[in-house]
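Thank you all for coming; I would like to walk you slowly through one structure today. Please have the sequence and the model open as we go.

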Amino acid sequence: MPPRGRWRGSGPAVVPPGVRPVSAAASIAGAAVIWVALLGPVITLLTHLSGHAIASALTYPGALDPLVTSLEAGAVTLAVLFGVCTPLAWMLARGRLPFPRVWEAGVLCSLLLPPLVVGLLLAFMVGPYTAIGGLLGHLHLSATNTFLALVIAEVYESAPYYVVGAQAAFSAVDPRLEQQAELLGDRPRRVFRRVTLPLASPGLATALAIAWARAMGAFGAVIIIAYHPYGLPLQIYTTLDQTGLPTALPYALVLLVVALPLPLAAYVWSARAQGRRRG
Amino acid sequence: MLKADVEVDRRDFTVRAAITVAPGERLALFGPSGAGKTTLLEAIAGLVLPRHGTIELAGRILTRTSKPRVAVPPWQRRVGLLRQDPGLFPHLSVRANLTYARTASHDGTRIVTGTETRTRVGARGGTGRREGAAGAELTEVADTLGIGSLLAAMPARLSGGQQHRAALARLLLAHCDALLLDEPYSGLDAALRRTLTALVVRLVTQRNVPAILVAHELADAQAFATQLAVIDHGQLLQTGPPDRVVLRPASVRVAELTGYLGFAAVPGQPGTIAGIHPDRVAAGGMPGRGLVLTGPVAASRPAGAGWEADILLPGAQPPGSTVTVRLAARPGPDGSEVTVTAIDAPVFGPDGRAVADSSAPGREDEARDDAAGEVAAREDRAREADRAHDPAFERIGEGNGR
């Protein structure tokens with residue numbers, strides 16, 4: 001707080017005493033309203049659920065299958081993203097690619113495509129009568145209404161989010177620290193493991209968490225190329241379609257419960273990692 | 001011995017420099033910002049590739065652009081680089097930072113020293129005894145640098161000075177064959193800067209490695225160096241002992257960079273000008289000691305423990321410019337005449353190069369002979385030191401004995 005006398009001065013500060021606490025309280029109240037409004041759907045969900053409804057929905061034969069499918073596909077998706085998109089994000093962040101704008105535009109382009117359009121285009125790309133589909137057929141695989149198709153759809157829906165986030169995480173690592181590690185005797189690969197990755201890890205964790213949430217909720221592309229096997233979003237949709245809102249609601253809760261913990265854990269973990277660095 | 005003779009392309013110009021630094025010797029690269037000093041260091045560290053030239057360290061060729069081409073990667077150079085940002089790894093404790101090099105991957109670098117070829121033993125896979133010795137060394141270095149009690153802390157907890165001490169300790173524990181300091185202390189206050197510079201000087205002498213400091217403040221360079229190299233716009237203008245470079249600048253440009261704040265025509269020698277250093281001026285006319293200058297005071301102000309005065313001289317170069325001098329006593333009011341003597345002022349010919357001044361004929365030749373002799377002597381000393389004092393040598397012996 002500045003000294004009180006300042007308000008009585010003839011300077012440009014003309015806020016009279018007593019207004020500041022009031023305006024501070026008003027802005028906090030305003031922020032609270034916005035926050036509650038944003039959380040509205042979650043609050044509504046909680047008020048509309050009864051223990052009985054959840055129990056009956058989840059004990060229905062085969063009710064947990066979509067959950068298992070979603071978790072498995074999400075885990076595979078994350079592994080693919082981490083293994084394939086992390087190097088790409090690093091190269092983008094370090095400017096190791098020629099024409100960086102072109103590469104970035106490509107990533108943004110897939111970020112901006114509506115998921116339904118992505119699904120439609122994926123069907124034309126990996127469907128049974130395409131070159132890639134034919135190739136998959138030779139391997140006795142199919143990218144239509146299979147687990148593979150679900151993973152492909154989830155990867156396409158979540159990859160751009162991960163690449164953009166991971167690129168930001170790598171950009172935040174001072175390249176001079178990497179140089180220093182090299183001068184201290186580490187090969188580039190070891191520098192990446194010992195310096196770059198640990199320093200980027202809070203940002204990478206956040207990016208992975210967002211990608212996880214996108215993969216869990218993937219619907220647009222999924223409904224077109226992977227209607228089966230059901231993941232949670234499709235389960236919600238079909239239940240809603242067939243038996244109505246009240247029976248779909250418990251699945252919505254289940255989706256939230258599986259989609260949220262990882263992002264929350266990543267958030268807590270990265271906050272703690274930052275705290276550790278501060279000593 | 002560190003030898004570099006390189007041409008490195010930068011966006012706007014090419015840095016050309018040839019330097020030789022013997023073990024235990026300290027070279028200061030001094031010049032204005034953007035002169036190419038850091039580029040030269042980065043070429044030695046292997047972070048930028050020279051277009052042309054050779055870099056040699058302790059008998060190893062690190063860079064050679066002629067055939068057979070050599071470009072040793074940074075992680076095998078064993079060159080320590082300290083920048084203004086200490087560059088401690090923020091996710092590691094001070095202890096883990098200090099031991100980073102010991103756990104690094106440099107493995108079996110081939111080293112050629114004169115007639116001998118030896119293999120440096122990798123840092124990994126040491127026996128318990130070696131680990132114990134390394135731990136003792138860590139404690140010793142940390143205590144020497146006054147950070148012994150901070151080993152468990154995270155770098156963010158350390159003050160700026162402590163971070164620099166830790167970064168220096170990390171370089172010492174890495175057993176670098178050369179120490180490159182890129183204006184490491186320019187962000188710190190003067191007293192701390194002096195303490196740390198003195199510490200580096202002591203450690204470089206003790207470790208007997210060549211060291212290069214990049215500085216854009218002359219005082220920093222002088223406090224550090226046994227050799228001063230003045231560099232401007234990518235060109236190495238003059239190299240020599242710090243006092244000689246400052247007292248006998250080889251050209252007008254070197255004089256400007258080393259603090260000569262004015263130039264005056266020398267009476268009786270048309271076309272020549274004398275460099276006037278504000279610190280080397282005495283009040284009053286003493287023709288036997290140097291160039292006597294008389295003119296009105298254009299402006300004056302307190303400076304340090306004395307006064308600084310700008311004097312408008314009839315013979316100032318360029319005409320109409322003032323010459324700045326420092327005086328012990330306050331000069332008269334602006335416009336009043338003042339007479340000063342520029343003691344032993346260096347004289348430059350019309351081409352901007354230093355000429356042998358009339359007061360001491362033959363001095364320049366003498367200096368040149370001195371310099372040549374000194375270089376030869378230094379190289380002898382260095383060769384000897386290479387053989388006798390390389391701590392790595394002792395460690396290798398230990399390793400082979402196992």
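Let me begin with B:P68, which sits in the loop between β5 (60-64) and β6 (70-71) of chain B, and which is joined to B:K67 by a cis peptide bond with an omega of about -5 degrees. Please keep in mind throughout that this is a predicted model. Chain A has a cis bond to show as well, between A:H228 and A:P229, where omega is about -10 degrees, and A:P229 belongs to the loop between α11 (220-225) and α12 (232-243) of chain A. These are worth pointing out because most peptide bonds are trans, just as most residues other than glycine have a negative phi.

That brings me to phi. In A:F99 phi is positive, near 50 degrees, and this residue lies in the loop between α4 (65-93) and α5 (100-112) of chain A. Is A:F99 buried or exposed? With 8 other C-beta atoms within 10 Å, A:F99 is exposed. B:E183 also has a positive phi, near 45 degrees, but B:E183 is buried, with 20 other C-beta atoms within 10 Å.

Now to the interior, where the largest nonpolar core has 160 residues, and where A:A153 and B:A28 have the most contacts inside it. Helix α8 (residues 147-171) of chain A gives the most to this core, with 14 residues. Domain 1 (2-248 + 381-401) and domain 2 (261-345) of chain B both contribute residues, so the core lies between them.

Finally, where the chains meet, 23 residues of chain B are in contact with 18 residues of chain A, and strand β7 (residues 79-82) gives the most to chain B's side, with three residues.

How values were computed:
Residues are numbered from 1 along each chain as its sequence is written. Chains are lettered from A and ligands numbered from 1 in the order in which they are written. This is a predicted model: local features need pLDDT of at least 70, side-chain atom pairs count only at pLDDT 80 or more; totals for chains, interfaces and linings use all residues. Two residues are in contact if their C-beta atoms, placed from the backbone, lie within 7 Å. Helices (H or I, at least four residues) and strands (E, at least two) are DSSP runs, numbered from the N terminus. A nonpolar core is a set of buried Ala, Val, Leu, Ile, Met, Phe, Trp, Tyr and Cys residues joined through C-beta atoms within 7 Å. A residue is buried if 20 or more other C-beta atoms lie within 10 Å of its own, exposed if 12 or fewer, and partly exposed in between; C-beta atoms are placed from the backbone. Domain bounds come from an automatic or database domain assignment.
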